[in-house]
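Welcome, and thanks for taking a look at this protein. Below is a short briefing to help you find your way around.

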Amino acid sequence: MNQPNRNDVDFRALMDDVRPIDSVRNRADPGRPRLAPSESQLARRESAAAETDGYDFLSDDFVDLVPPFDPLAYRRDGIQQGVLDRLRHGGYDAQSRLHLLRRPLEECRRLLAPFIHEAYAHDLRSVMIVHGRGREIDSAPNVLRSYLAKWLAQFDEVQAYVSAEQGDGGLGATWVMLRKSERAKAANRERQQKRRG
């Protein structure tokens with residue numbers, strides 16, 4: 001017997017007792033259809049909603065790119081230029097720092113809002129954000145730096161921000177001045193009243 005015929009005989013012998021599946025039962029049983037989401041699904045939905053609530057107001061739309069050697073500077077109405085200059089020169093201590101170097105843009109967007117809100121909640125006034133920038137003169141504009149300039153202006157808590165001096169990180173770092181919380185204002189008024197006697 002030649003080899004192909006022998007293989008056919010062996011295959012038939014092996015498959016002799018195999019029968020086709022009934023077409024009625026030819027489906028997996030998915031169980032009863034669920035009318036409501038499970039507890040774990042609800043918990044995951046709540047967790048996902050909570051994660052986006054804190055930073056969802058930060059725009060990820062088109063942004064004008066800031067050239068790599070242009071300093072960032074912004075101040076709200078009522079903030080004096082002297083405050084901005086003092087901030088730029090490191091006249092206020094960095095009470096907290098956020099490092100965003102080499103992180104994806106979406107992760108930076110997700111980390112920024114909790115950082116600002118938590119700093120404000122703890123009555124911090126000056127914080128630093130380290131974001132980096134291109135090293136070469138002909139570097140492409142830093143996308144994160146450009147978005148950061150847009151995002152910081154969207155926070156009600158941010159009074160001003162400015163690029164740091166060379167000793168504090170240069171154009172790769174930004175000082176941020178936060179406004180005083182109501183609790184800090186009340187404590188300040190109380191100190192003033194005690195001093196006046």
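Is Thr 174 buried or exposed? Thr 174 counts as buried, because its relative accessibility is 0%, and buried means under 20%. Please keep in mind that this is a predicted model. With that in hand, here is a tour by topic.

**The overall picture**

- The protein has six helices and five strands.
- Read from the N terminus, the elements follow the order α-α-β-α-β-α-β-α-β-β-α.
- There are 197 residues in the protein, and 30% of them count as buried.
- About 13,900 Å² of the protein is exposed, with 49% of that area supplied by carbon and sulfur atoms.
- Among contacts with a separation of 6 or more, 73% are between residues 24 or more positions apart.

**Around Thr 174**

- You will find Thr 174 in strand S5, which covers residues 173–178.
- The side chain of Thr 174 makes a polar contact of 2.7 Å with the side chain of His 131.
- Setting aside neighbours within four places in sequence, the residues in contact with Thr 174 include Leu 72, Val 127, Met 128, Ile 129, Leu 148 and Leu 152.
- Tyr 161, Val 162, Ser 163 and Ala 164 are also among the contacts of Thr 174.

**Helix H4 and what it packs against**

- Helix H4 (105–121) comes before strand S3 (126–130), with a loop between them.
- H4 has 17 residues, and its first and last C-alpha atoms are 25 Å apart, close to the 24 Å expected at 1.5 Å a residue.
- Which residues of H4 are buried? They are Cys 108, Arg 109, Leu 112, Ala 113, Phe 115, Ile 116, Ala 119 and Tyr 120.
- Those buried residues of H4 pack against strands S2 (97–99), S3, S4 (158–163) and S5, and also against helices H5 (143–152) and H6.
- A general point helps when you look along a helix: an α-helix has 3.6 residues a turn, so residues three or four places apart point the same way.
- After H4 comes Asp 123, which has a positive phi, near 60°.

**Helix H6**

- Helix H6 takes in residues 182–196.
- The 15 residues of H6 should span 21 Å at 1.5 Å a residue, and the end C-alpha atoms are indeed 21 Å apart, which agrees.
- Does H6 lie largely in the open or largely buried? Of its 15 residues, the number buried is one, so H6 lies largely in the open.

**Salt bridges**

- The structure contains six salt bridges, and three of them are described here, beginning with the pair Asp 123 and Arg 183.
- In the bridge between Asp 123 and Arg 183, the closest N and O atoms are 3.1 Å apart.
- Asp 123 sits in the loop between H4 and S3 while Arg 183 sits in H6, so this pair ties together parts that are 60 residues apart in sequence.
- Asp 123 counts as partly exposed at 28% relative accessibility, whereas Arg 183 counts as exposed at 51%.
- Glu 182 and Lys 185 also form a salt bridge through their side chains, at 3.6 Å from N to O.
- Both Glu 182 and Lys 185 belong to helix H6, three residues apart, or about one turn of the helix.
- Lys 185 is partly exposed, with a relative accessible area of 33%.
- Another salt bridge joins the side chains of Asp 85 and Arg 88, at 3.0 Å from N to O.
- Because Asp 85 and Arg 88 are three residues apart in helix H3 (residues 81–88), about one helical turn separates them.
- Asp 85 counts as partly exposed, given its 28% relative accessibility.

**Surface and loops**

- A nonpolar patch on the surface is formed by Phe 11, Leu 14, Met 15 and Val 18, which together have about 420 Å² of accessible area.
- Met 15, one of the patch residues, lies in the loop between helix H1 (3–14) and helix H2 (39–53).
- Met 15 counts as partly exposed, since its relative accessibility is 39%.
- Pro 67 belongs to the loop between H2 and strand S1 (73–75).
- With a relative accessible area of 36%, Pro 67 is partly exposed.
- Pro 67 and Arg 145 are 78 residues apart along the chain, and their C-alpha atoms are separated by 9.5 Å.

How values were computed:
Residues are numbered from 1 along each chain as its sequence is written. This is a predicted model: local features need pLDDT of at least 70, side-chain atom pairs count only at pLDDT 80 or more; totals for chains, interfaces and linings use all residues. Side-chain values use heavy atoms; hydrogens and water are left out. Patches are made of residues with over 30% relative accessible area and no salt bridge: like charges are joined within 9 Å, nonpolar side chains (Val, Leu, Ile, Met, Phe, Trp, Tyr) within 5 Å. Accessible areas come from the Shrake-Rupley method with a 1.4 Å probe; for residues, only the protein chains shown count as cover. A salt bridge is a side-chain nitrogen of Lys or Arg within 4 Å of a carboxyl oxygen of Asp or Glu. Helices (H or I, at least four residues) and strands (E, at least two) are DSSP runs, numbered from the N terminus. Buried means under 20% relative accessible area, exposed over 50%, partly exposed in between (1.4 Å probe, protein chains only). Contact means heavy atoms within 4.5 Å. The expected span of a helix is 1.5 Å times one less than its number of residues. A polar contact is a pair of N or O atoms within 3.5 Å; within protein, one must be able to donate a hydrogen and the other to accept it, and residues adjacent in sequence count only if both atoms are side-chain atoms.
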